[in-house]
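Me: I would like a close look at one part of this model, followed by how the rest is put together around it. Please keep the account plain.

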Amino acid sequence: MGGMIMDRSSNAPFLELKNVNKTFNLSSGQVIALEHVSLTIGKGELVALVGPSGSGKTTLLNIIGSLDRPSKGEVILEGVRIDALSEENLVQFRREKFSFIFQDAKPLRMLNVLENTLLPFNFFKPNNRNGNIRDEGIEVIKSLGLGHRIYHMPSQLSGGEIQRVAIARALITHPAMILADEPTANLDRDNRLFVIDTFRRLSKEKGIAIVFSTHDLEIADRATRIVHLKDGVFLKDEAVCCAPCSV
Amino acid sequence: MTLIVLSIKDIFRRRGKSLYLLIAIVIPVAILSTILLTFDNADSSLSTLASKFGFTLIVQPKNVHADKITHIGVNTEEYIPEGVVEDVKKILQDTIRNPKDKVITVVRLYEEEEVLIGRAKAGSVVAGIDFKTELEAKPSWRLTSGRWPQSNREAVVGGTYASSRKVSLNDALTIGGSEFRAVGILQNYNSSDDYMVFAPFTEVQQLYNKAGLVSVINIQNVSLDKDRGLLQTAVNNINKNIPNIMALSPQQFSTMKYTLLKKSLKFLMAIVVATIVVSIFSIFNIVTSVLYSRVKEIGLLKSVGASRSQLLTIFLFEYLLIGLLGGLIGYPLGLIMTYLLDSFLLKLGAGIHVNILYVLVALLVGVFCSLIASFYPTHRLSKITITESFRTQWEG
């Protein structure tokens with residue numbers, strides 16, 4: 001894990017986790033998934049969550065993205081305590097602030113690449129858009145190297161292309177934060193590098209905070225910050241910079 | 001693109017499962033349509049059935065004794081003044097209180113005499129009838145050969161009469177001293193008509209010096225056919241208000257038939273309900289398996305901003321469309337089944353008619369089956385959280 005330690009104080013606090021705990025009550029007993037986790041993420045940060053399986057990476061992503069609520073502690077995004085919002089308000093909040101990229105969330109098979117990219121707008125209207133949303137969708141797809149696949153169906157795409165469609169879908173809503181769980185897990189090296197370098201570009205150029213989980217240290221090294229977890233406990237939080245860019 | 005377009009695209013994507021669902025809906029709808037249409041046909045053919053076997057009501061002279069009845073069961077000795085016909089008609093219209101429901105009155109004058117057929121004489125009952133009114137009341141009346149009379153000196157003979165007396169077309173028949181020509185032979189209906197000679201009503205009145213008299217007034221009416229209580233009220237009203245006559249309902253065939261039909265309908269409806277219940281369980285199973293295979297898709301849709309109500313809209317609209325399609329296919333299938341049932345088994349002969357009300361019933365039943373069966377699984381699956389739907393992938 002190379003790179004230099006960055007001064008994080010230059011980043012304006014965007015998201016803050018204060019002493020977050022998460023326990024699951026299972027039939028086999030209580031499982032502590034996260035314990036006393038405190039974390040601050042600024043706009044434009046690219047954060048890699050690393051750690052072995054069962055270390056709490058996914059649980060932390062869920063709590064950051066308001067997909068799950070902490071058992072204890074606070075989650076504050078732009079001054080709003082999102083862990084205390086009602087489910088209805090959370091849906092609205094997630095639409096405005098977050099986009100999610102899942103390891104195995106394939107695009108809808110009955111929609112083409114463009115329709116999959118514009119899928120969120122079947123459920124809510126885009127805010128503050130001047131241009132045509134369809135044209136913007138095409139631009140996003142082209143920017144991800146899928147210009148020749150705009151009207152192709154998911155069954156005609158490779159694994160790397162499918163993940164780029166997921167990124168396009170995540171970008172179209174202009175989110176403040178993208179949360180990605182193992183976004184490069186099933187990809188070859190070229191596609192892994194393409195995905196992470198796209199993340200770097202987006203966080204730098206658009207100021208989007210991106211948090212992703214990974215086991216791949218080569219990928220983690222390309223983040224601006226790496227958060228190490230083990231058994232639900234914060235081990236290390238290091239900032240890196242000047243990682244080589246392949247895009 | 002709207003949520004509805006998403007639903008339609010998904011139906012086409014899951015063509016196989018959608019087809020299973022469609023079949024599960026089409027079967028009860030087709031059975032229901034068949035039963036309703038068959039019952040409707042039977043109902044509408046009741047008047048035809050009644051005309052085959054007799055009239056709704058018969059008004060005859062009061063003093064008809066058994067010894068005055070001929071061997072074929074008609075009275076040839078007592079008469080009713082012709083003017084009574086209008087009185088009877090008015091009483092019936094007042095009883096029925098439905099101007100659209102026509103009261104058909106058919107008068108007959110019966111005489112018994114030895115009719116000369118060629119050179120041979122044969123004991124016969126001659127019925128003076130108005131052929132036009134008689135045919136209106138009995139649309140099922142058919143000739144096995146010949147035609148209906150077109151002049152006053154033409155006659156028609158019953159099927160059994162023709163075969164037993166060896167009467168052929170164009171044979172001369174001497175009735176009341178005048179010569180008639182047999183121009184038609186009536187089909188057999190297992191009724192007294194099979195044994196009679198039919199001549200024009202006014203001719204028979206004149207030949208037998210019975211001007212202004214009739215032997216019997218036959219009445220046909222659909223409301224009275226269907227309602228035993230109303231029929232009895234009509235009988236009572238006629239008997240109470242008109243002297244020297246007796247109203248009878250000797251042919252209660254249609255009422256009995258209608259009652260039987262209603263009982264059959266109840267039994268058949270029980271079968272339909274059972275089919276619908278089985279269908280709902282089948283749809284429930286198919287929908288549940290389909291939705292469980294869509295758990296990740298539900299998570300994805302929620303993660304891109306779909307609310308629970310929007311997911312319910314997508315899923316329920318899918319099943320609403322399939323239900324409507326099931327109704328649309330089930331009804332014409334019911335029509336075909338009704339046609340086949342009628343052609344090869346029931347032989348009601350009422351024909352196949354599209355009934356808009358039943359089309360609506362078919363659509364409603366299709367939608368009802370589909371939505372009732374799919375509501376619980378869609379409701380339950382729409383509650384699944386994003387983390388639950390991706391649990392296998394999100395376990396870190």
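In which loop of chain A is the place of A:H174?

Reply: The model is a predicted one. In it, A:H174 sits in the loop of chain A that runs between α5 and β7, the latter being residues 177-181. Its backbone deserves a remark: phi of A:H174 is positive, about 55°, although the residue is not a glycine. As for its surroundings, A:H174 has 14 other C-beta atoms within 10 Å. A residue counts as buried at 20 or more such atoms and as exposed at 12 or fewer, so A:H174 is partly exposed.

A second residue of chain A can be set beside it. A:E78 is also a residue other than glycine with a positive phi, in this case near 45°. A:E78 belongs to the loop between β4 (72-77) and β5 (80-81) of chain A. With 13 other C-beta atoms within 10 Å, A:E78 is partly exposed.

Back at the loop of A:H174, the element before it is α5 of chain A. This helix, residues 159-171, packs with helix α6 of chain A, residues 189-206. Their axes are 10 Å apart and the angle between them is about 15°. The two helices, α5(A) and α6(A), are therefore roughly parallel to each other, and their crossing is right-handed. From α5(A) the contact takes A:G160, A:Q163, A:I167 and A:L171. From α6(A) it takes A:N191, A:F194, A:V195, A:T198 and A:L202. Sorted by class, this contact of α5(A) with α6(A) holds five nonpolar and four polar residues, and no charged ones.

The element after the loop is β7 of chain A, residues 177-181. A:L179 is one of the residues that touch the most other members of the largest nonpolar core, a set of 103 residues. The others with that standing are A:V47, A:L49, A:I210, A:V211 and B:I25. The helix that gives the most to this core is α2 of chain B (residues 15-44), with twelve residues. A:V211 shows how such a member is placed: leaving aside residues up to four places away in sequence, A:V211 touches A:I41, A:V47, A:L49, A:L61, A:I64 and A:L179.

Another core lies apart from that one; it has 49 residues, including B:L92, B:V115, B:V197 and B:A234. B:L92 and B:A234 also take part in a helix contact in chain B, where B:V88, B:I91, B:L92, B:T95 and B:I96 of α4(B) meet B:L230, B:T233, B:A234, B:N237, B:I238 and B:N241 of α9(B). The contact of α4(B) with α9(B) has seven nonpolar, four polar and no charged residues. The axes of these helices, residues 84-96 and residues 228-241 of chain B, come within 10 Å and cross at roughly 140°. They are therefore oblique to each other, and the crossing of α4(B) and α9(B) is right-handed.

The two chains also meet directly. In that contact, 31 residues of chain A face 24 residues of chain B. On the side of chain A that touches chain B, α1 (57-64) and α2 (87-97) of chain A each supply at least two residues. The most comes from α1(A), which gives four. By class, this side of chain A has twelve nonpolar, ten polar and nine charged residues.

Methods. Residues are numbered from 1 along each chain as its sequence is written. Chains are lettered from A and ligands numbered from 1 in the order in which they are written. This is a predicted model: local features need pLDDT of at least 70, side-chain atom pairs count only at pLDDT 80 or more; totals for chains, interfaces and linings use all residues. Two residues are in contact if their C-beta atoms, placed from the backbone, lie within 7 Å. Ala, Val, Leu, Ile, Met, Phe, Trp, Tyr, Cys and Pro count as nonpolar, Asp, Glu, Lys and Arg as charged, and the others, Gly among them, as polar. Axes are lines fitted to C-alpha atoms, for helices over the stretch in contact, and angles run from 0 to 180 degrees between N-to-C directions. Angles under 35 degrees count as roughly parallel, over 145 as roughly antiparallel, 65 to 115 as roughly perpendicular and the rest as oblique. A crossing is left-handed if the near helix is turned anticlockwise from the far one by less than a right angle, and right-handed if clockwise. A nonpolar core is a set of buried Ala, Val, Leu, Ile, Met, Phe, Trp, Tyr and Cys residues joined through C-beta atoms within 7 Å.
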